[in-house]
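Me: I'd love a close look at the sheet in this predicted model and at what surrounds it. Could you walk me through that part, strand by strand where you can?

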Amino acid sequence: MLTDTHVHSHYSLDSEASMEKIVETAIEEGIGVLCFTDHIDYDFPIEDMVFDFDLGEYLAEIAALREHYGEKVRILAGVELGMQPHLGPRYNELLRKYPLDYAIGSQHLVNRQDPYFPETFAKRNVEEVYRQYFEETLENVRAFDGFDSLGHLDYVTRYGESIKPFPSHSLFPELIDEILKLLIEKGKALEVNTCGYRKGLGQPNPGPRVLRRYRELGGELVTIGADAHKAKDLGKGCKRGVECLRDLGFKRYFYYVGHEPVAVEIETALRGTIS
Ligand SMILES: [Zn+2]
Ligand SMILES: [Zn+2]
């Protein structure tokens with residue numbers, strides 16, 4: 001049984017996928033646990049881009065899908081929260097108000113720009129942008145306790161690599177160590193975001209070096225998600241991500257129900273999977 005706990009539907013500004021189609025794809029692909037994690041990015045710095053939606057409506061649709069398909073796939077309700085230092089109180093209020101299973105905390109910005117847009121790298125060297133990205137991530141992980149798993153720790157490399165690739169060992173190991181230690185201290189998980197495979201990076205975000213280091217430092221809580229924005233990408237690379245964890249010595253990975261981690265044995269997960 002595989003799980004995919006990072007999926008976007010049309011509730012996200014950048015997706016048009018229907019929830020029902022995603023659930024049907026999960027069943028076809030043999031994915032046993034699916035967690036919707038639509039984007040909420042309050043105070044996004046680009047005008048006209050509003051990453052927010054009605055969580056009441058969202059939870060009602062998920063409940064209806066659970067009613068209909070719940071025997072074939074476990075359907076969970078989460079969010080992906082775009083972290084900024086001043087947003088903690090607003091996100092905590094939202095998390096108190098709505099009974100979600102899971103919250104991914106993600107760093108989507110560096111210097112108040114999304115590295116998805118090439119302007120982020122204009123007139124700056126890539127290393128400098130990367131350093132600032134990890135510094136801002138550290139600041140946000142320090143400031144905010146409401147998330148369960150840190151999403152795509154090196155998201156900035158998804159876009160920076162196409163501008164100037166450089167070896168993963170040069171990705172500011174001291175800064176990343178600080179982030180990993182803080183996650184462990186706070187009991188937070190680290191996400192293996194398999195979108196990196198889809199984008200041709202040849203590894204998930206973060207890659208094996210960071211995952212190995214997290215384990216060396218005592219980290220055990222890892223989650224897996226394909227970060228699909230289309231139903232056809234659901235679960236893509238999740239099996240590869242699980243194999244990567246197994247090769248690094250992890251025995252289990254996790255999904256969250258009511259913000260509590262549930263373990264999946266890696267050997268069991270890899271048995272009989274088709275995607
Ligand atoms: Zn994200
Ligand atoms: Zn995402």
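**The sheet and its surroundings**

Reply: Happy to. The sheet is open and has seven strands, in the order β1-β2-β3-β4-β5-β6-β7, and the pairing is parallel. Its edge strands are β1 (2-7) and β7 (222-225), each of which pairs on one side only. Please keep in mind that everything here comes from a predicted model.

Let's step inward from β1. Strand β2 (residues 31-40) is joined to strand β3 (residues 74-82) by eight bridges, and the two run parallel. To find this pairing on your screen, look for H39, whose bridge partner in β3 is E80. From β3, five bridges lead on to β4, and that pair is parallel too. Here a good landmark is L81, with G105 as its bridge partner in β4.

Strand β4 (102-106) deserves a pause. Five of its five residues are buried, so β4 is largely enclosed by the rest of the structure. Both of its faces are covered: Y102, I104 and S106 are buried on one side, and A103 and G105 are buried on the other.

Now for the helices around these strands. Helix α1 (residues 19-28) lies across β1, β2 and β3, and runs at about 150 degrees to β2. Helix α5 (residues 155-163) has Y155, V156, T157 and G160 among its residues, and these four are buried. They cover an arc of only 165 degrees around the axis, which puts them on the same side of α5. The general background is that an α-helix has 3.6 residues a turn, so residues three or four places apart point the same way. The buried residues of α5 pack against β4 and against α4 (126-143), so that brings us back to the enclosed strand.

The nonpolar core ties several of these pieces together. The largest one has 71 residues, and those that touch the most other members are I22, V23, L34, C35, L81, L190 and L234. Strand β2 gives the most to this core, with six residues. You have already met L81, the bridge partner of G105. L190 is worth selecting as well: leaving out residues up to four places away in sequence, it touches S149, L150, L153, L183, Y214, G219, L221 and V222.

The loops that lead into and out of the strands have some details to check. After β4 comes the loop to α4, where you will find R112. Its phi is near 60 degrees, a positive value in a residue other than glycine. R112 is exposed, with 12 other C-beta atoms within 10 Å. The loop between β5 and α5 holds H152, which also has a positive phi, near 20 degrees. H152 counts as buried, with 25 C-beta neighbours inside 10 Å. As a general point, most residues other than glycine have a negative phi, and most peptide bonds are trans. That second point is useful for one more loop, the one between α7 (195-198) and α8 (208-216), where P206 lies. The peptide bond that joins N205 and P206 is cis, with omega at about -5 degrees.

Another residue to inspect is G146, in the loop between α4 and β5 (149-150). G146 is partly exposed, with 19 other C-beta atoms within 10 Å. Neighbours within four places in sequence aside, G146 is in contact with G88, Y91, N92, L95 and A103. A103 belongs to β4, where it is one of the buried residues. By contrast, G146 and Q132 are 14 residues apart in sequence and 23 Å apart in space, C-alpha to C-alpha.

Finally, let's zoom out to see where the sheet sits. The chain has ten helices and nine strands. Its radius of gyration is 17 Å, close to the 19 Å that the globule rule gives for 275 residues, so the chain is as compact as a globular protein of that length. The C-alpha trace spans about 50 × 45 × 35 Å along its principal axes. Buried residues make up 44% of the 275 residues. Among contacts with a separation of 6 or more, 78% are between residues 24 or more positions apart.

Terms used:
Residues are numbered from 1 along each chain as its sequence is written. Chains are lettered from A and ligands numbered from 1 in the order in which they are written. This is a predicted model: local features need pLDDT of at least 70, side-chain atom pairs count only at pLDDT 80 or more; totals for chains, interfaces and linings use all residues. The radius of gyration is taken over C-alpha atoms; the globule rule is 2.2 Å times the number of residues to the power 0.38. A residue is buried if 20 or more other C-beta atoms lie within 10 Å of its own, exposed if 12 or fewer, and partly exposed in between; C-beta atoms are placed from the backbone. Two residues are in contact if their C-beta atoms, placed from the backbone, lie within 7 Å. A nonpolar core is a set of buried Ala, Val, Leu, Ile, Met, Phe, Trp, Tyr and Cys residues joined through C-beta atoms within 7 Å. The arc is that of the directions from the helix axis to the C-beta atoms. Two strands pair if DSSP finds at least two bridges between them. Axes are lines fitted to C-alpha atoms, for helices over the stretch in contact, and angles run from 0 to 180 degrees between N-to-C directions.
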